[in-house]
Amino acid sequence: MASKLILKFKDSVISECPLDQEETTIGRKPDNTIHIDNLAVSGRHARVLKIGNKSILEDMGSTNGTHVNNKNITKHVLKHGDVILIGKHTLTYVEFPDQPAAAPPEPEPEEENVDKTTIITPQARAAIAPKEEGASSASSTAMAMPLGGIQVVSGPQAGRAFELSSSLTSIGKGDTCKIKVKGFTVGKQAAVITRRPTGYHIAFLEGMAKVKVNGETLGNEPRTLNDGDLIEIGDTRMEFFIKE
């Protein structure tokens with residue numbers, strides 16, 4: 001199921017943003033995926049994370065908060081028709097069926113000519129062109145961050161270690177989860193570990209089995225992970241560590 005956000009100011013549609021990336025950022029700074037140039041909007045206001053078929057809206061500690069359907073939220077699993085209020089702008093979340101890919105046209109036969117100039121398509125040119133400066137800067141920041149990992153202490157994957165190099169790592173019994181946790185009470189997308197410039201953070205998403213960090217049940221707020229923290233979900237225990 002594909003999805004997008006429709007950005008409006010009052011009743012005027014400003015833009016539409018497909019949610020086809022792992023992370024979509026929203027804020028006043030121009031390098032956000034959705035740029036809202038308004039003083040009521042924080043530089044890094046909110047973001048949408050794609051985890052499997054779910055789109056999860058997360059406030060990034062904004063000054064004026066993020067509201068969904070007139071309720072202040074810190075984290076919210078988006079549903080079709082949800083209206084997000086950020087500053088004086090609204091974003092409507094819309095889901096729609098995936099469009100089948102069009103079959104490529106049959107190539108026309110042509111005579112072989114060694115002197116013929118090769119034409120580079122815009123898609124190929126974009127693929128070989130250097131990345132934008134902003135993307136390079138973001139990559140450098142990620143590389144400068146200490147790299148973390150998860151060591152599974154007990155459970156179905158006991159003994160395995162996972163490197164947390166992605167911006168998000170999902171945990172649960174769903175097929176799309178990187179770290180598998182079994183159990184009737186465990187959600188398909190039970191939890192997610194996000195990697196930000198401020199460090200690693202874990203957030204509970206769904207399921208009857210709660211997430212515990214060092215024996216404390218995780219609430220609705222994400223929690224910053226520290227080297228050596230023990231994470232429990234169902235019958236699985238894991239240790240978070242920072243690589244040397």
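## Exercises on salt bridges and burial

R196 is buried, as is E58, where buried means under 20% relative accessible area, exposed over 50% and partly exposed in between, with a 1.4 Å probe and protein chains only as cover. The model is predicted, so local features need pLDDT of at least 70 and side-chain atom pairs count only at pLDDT 80 or more, while totals for chains, interfaces and linings use all residues. Residues are numbered from 1 along each chain as its sequence is written, and side-chain values use heavy atoms, with hydrogens and water left out.

**Exercise 1.** Determine which residues are joined with R196 and E58 into one network by salt bridges that share partners.

*Solution.* Begin with the definition: a salt bridge is a side-chain nitrogen of Lys or Arg within 4 Å of a carboxyl oxygen of Asp or Glu. The side chains of R196 and E58 satisfy it at 2.3 Å, N to O. This pair links distant parts of the chain, since R196 is in strand β16 (residues 191-196) and E58 in strand β6, 138 residues apart. Shared partners then join E23, R47, E58 and R196 into one network.

Next, take the salt bridge between R47 and E58, whose side chains meet at 3.1 Å, N to O. Here too distant parts of the chain are linked, with R47 in strand β5 and E58 in strand β6 (residues 54-59), eleven residues apart. Both R47 and E58 are buried.

**Exercise 2.** Describe the salt bridge of R44 and D31, and explain which parts of the chain the pair ties together.

*Solution.* First, the closest N and O atoms of R44 and D31 are 2.8 Å apart. Second, R44 lies in the loop between β4 (34-35) and β5 (46-51), whereas D31 lies in the loop between β3 (23-27) and β4, so the pair ties together parts that are 13 residues apart in sequence. Third, consider accessibility: R44 is partly exposed, with a relative accessible area of 37%, and D31 is exposed, with 53%.

**Exercise 3.** Place these pairs in the setting of the whole protein, starting from how many salt bridges the structure holds.

*Solution.* The structure holds eight salt bridges. Its secondary structure comes to two helices and 22 strands, which are DSSP runs numbered from the N terminus (helices H or I, at least four residues; strands E, at least two). Of the 244 residues, 36% count as buried. Finally, among contacts (heavy atoms within 4.5 Å) with a separation of 6 or more, residues 24 or more positions apart account for 39%.
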